[in-house]
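Colleague: I have some questions about how the pieces of this assembly meet. Could we go through them with the model open?

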Number of protein chains: 2
Amino acid sequence: MPKKVKISPEIIEMATLTKAMSHPVRLYILQKLAHMNTCCYSGDLVDELPVGRSTLSQHLKELKYAGLIQGETEPPYIKYCLNRENWDRARSLFNELFSESEIMVTEGRIPGTQ
Amino acid sequence: MPKKVKISPEIIEMATLTKAMSHPVRLYILQKLAHMNTCCYSGDLVDELPVGRSTLSQHLKELKYAGLIQGETEPPYIKYCLNRENWDRARSLFNELFSESEIMVTEGRIPGTQ
DNA sequence: AAATCATTTCGTTATTTTGCGAAATAATGG
DNA sequence: CCATTATTTCGCAAAATAACGAAATGATTT
């Protein structure tokens, strides 16, 4: 009986995030925004990253599409910042994925030892 | 002055992980292994997932390549389990990325834990 | 209105990914 | 040794991704 499972919306959601995060340039941007706790401009990024303007623009578009960043237009620049709400959502999904299974450690003991 | 930055090995490493995690089927497998705290067989997975055997095999191969899972041959089956060491490493990289602009991790421990 | 600046969209090319079924492997049972 | 079972590799097609330069857009300044 091939009891096919429907892949949950949560997993689909997470796959959208991981896909957006699956390129070094995009990860670099996210890390910069998250750790510097700041926003930045496309022009700054193109100066420090090894890709052309149009390519960078594509990467920013993908991050925007996944909801991880947002761009405020601030003529003549566009200021890109983390989308805090979705970033927190992503954090929570990753925390859930990496959380140890419920039936786990009770008092520091490593299961299977002793 | 276009001071081009070299993308750090850590980011490259993480991009390998996110790429491996960027497909719903692969995420499903990882989630199952992590949460059920168990191993599983290709045959079980192909019964519950909406892909063919050869496609599933490809996905398993990619997860193996990224180091997230490992397969122990247990004739006539192959038992797939999380690679705990790399899974922990992944957790730590993600924690670092999502940590609120704190100090960076150099060794295994995440600041603020334990 | 024309020139300038930052950025995006378009059109193209090369590469990678996803998926499948058929054939190949590897191990076991008759 | 042949058949069976579990899984992987191969060969292929379709789609998606990544990258670039050129052209287009939008806003400002001259």
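Colleague: How far is a phosphate oxygen of DNA strand D from an N or O atom in the side chain of Arg26(A)?

Modeller: Happy to start there, with the reminder that this is a predicted model. Polar contacts here need N or O atoms within 3.5 Å. The side chain of Arg26(A) meets that limit at a phosphate oxygen of DNA strand D, and the distance is 3.1 Å.

Colleague: Which residue has a polar side-chain atom 2.8 Å from a phosphate oxygen of DNA strand D?

Modeller: Let's look at two side chains of chain A beside this strand. Thr55(A) places an N or O atom of its side chain 2.9 Å from a phosphate oxygen of DNA strand D. The residue with the 2.8 Å distance is Lys19(A).

Colleague: Which element gives the most residues to the surface near DNA strand D?

Modeller: Both chains take part in this surface. Chain B supplies two or more residues from each of helix H3 (42-48), helix H4 (53-65) and strand S3 (77-82), and chain A does so from helix H4 (53-65). The top contribution is four residues, and it comes from H4(A).

Colleague: What share of the atoms of DNA strand D within 4 Å of the protein belongs to sugar or phosphate?

Modeller: A good one to ask after those phosphate contacts. The strand is surrounded by 20 residues, with Lys19(A), Gly52(A), His59(A), Gly43(B) and Tyr80(B) the closest. By class they are seven nonpolar, nine polar and four charged. Bases make up the rest of the strand's atoms within 4 Å of the protein, while the sugar or phosphate share is 70%.

Colleague: Now the other strand: which residues come nearest to DNA strand C?

Modeller: Around DNA strand C there are 21 residues, divided into seven nonpolar, nine polar and five charged. H3, H4 and strand S3 (77-82) of chain A, along with H4 of chain B, each supply at least two of them. Those that come nearest are Gly43(A), Tyr80(A), Lys19(B), Gly52(B) and His59(B).

Colleague: Which side chain has an N or O atom 3.1 Å from a base oxygen of DNA strand C?

Modeller: Sugar and phosphate account for 69% of the atoms of DNA strand C within 4 Å of the protein. Two phosphate examples come from chain A: Gly43(A) has a backbone N or O atom 2.8 Å from a phosphate oxygen, and Ser57(A) has a polar side-chain atom 2.9 Å from one. The base oxygen, in contrast, has a side chain of chain B at 3.1 Å, that of Ser54(B).

Colleague: Let's turn to the protein chains. How much area do chain A and chain B bury between them?

Modeller: The contact involves 43 residues of chain A and 42 residues of chain B. In chain A, His35(A), Leu97(A) and Phe98(A) lose the most area, together 19% of what that side buries. Carbon and sulfur atoms carry 65% of the buried total, which is about 3700 Å².

Colleague: Which helix supplies the largest share of the side of chain A that touches chain B?

Modeller: Across this interface there are twelve residue pairs in polar contact. Four helices of chain A each give at least two residues to its side: H1 (9-20), H2 (24-35), H3 (42-48) and H5 (84-98). By class that side has 23 nonpolar, nine polar and eleven charged residues. Its largest share is ten residues, supplied by H5(A).

Colleague: Which residue of chain B forms a salt bridge with Arg91(A)?

Modeller: Arg91(A) also has a partner in its own chain, Asp88(A), at 2.6 Å from N to O. Those two sit three residues apart in helix H5 of chain A, about one turn of the helix. Between the chains the count is three salt bridges. In one of them, Arg91(A) has its closest N and O atoms 2.8 Å from those of its partner, Glu100(B).

Colleague: And what is the angle between the planes of Trp87(A) and Phe98(B)?

Modeller: There are seven aromatic pairs over all chains. This one crosses between chains, from helix H5 of chain A to helix H5 (residues 84-98) of chain B. The ring centres are 4.4 Å apart and the pair is tilted, with an angle between the planes of 40 degrees.

Definitions and conventions. Residues numbered from 1 in each chain as written. Chains lettered and ligands numbered in written order. Predicted model: local features only at pLDDT ≥ 70, side-chain atom pairs only at ≥ 80, totals over all residues. Heavy atoms only, no water. Contact = heavy atoms within 4.5 Å. Buried area = accessible area lost by both parts, 1.4 Å probe. Salt bridge = Lys/Arg side-chain N within 4 Å of Asp/Glu carboxyl O. Polar contact = N/O pair within 3.5 Å; in protein donor to acceptor, adjacent residues only side chain to side chain. Nonpolar A, V, L, I, M, F, W, Y, C, P; charged D, E, K, R; others polar. Near = heavy atom within 4 Å. Phe/Tyr/Trp six-rings, centres within 6.5 Å; stacked < 30°, edge-to-face > 60°.
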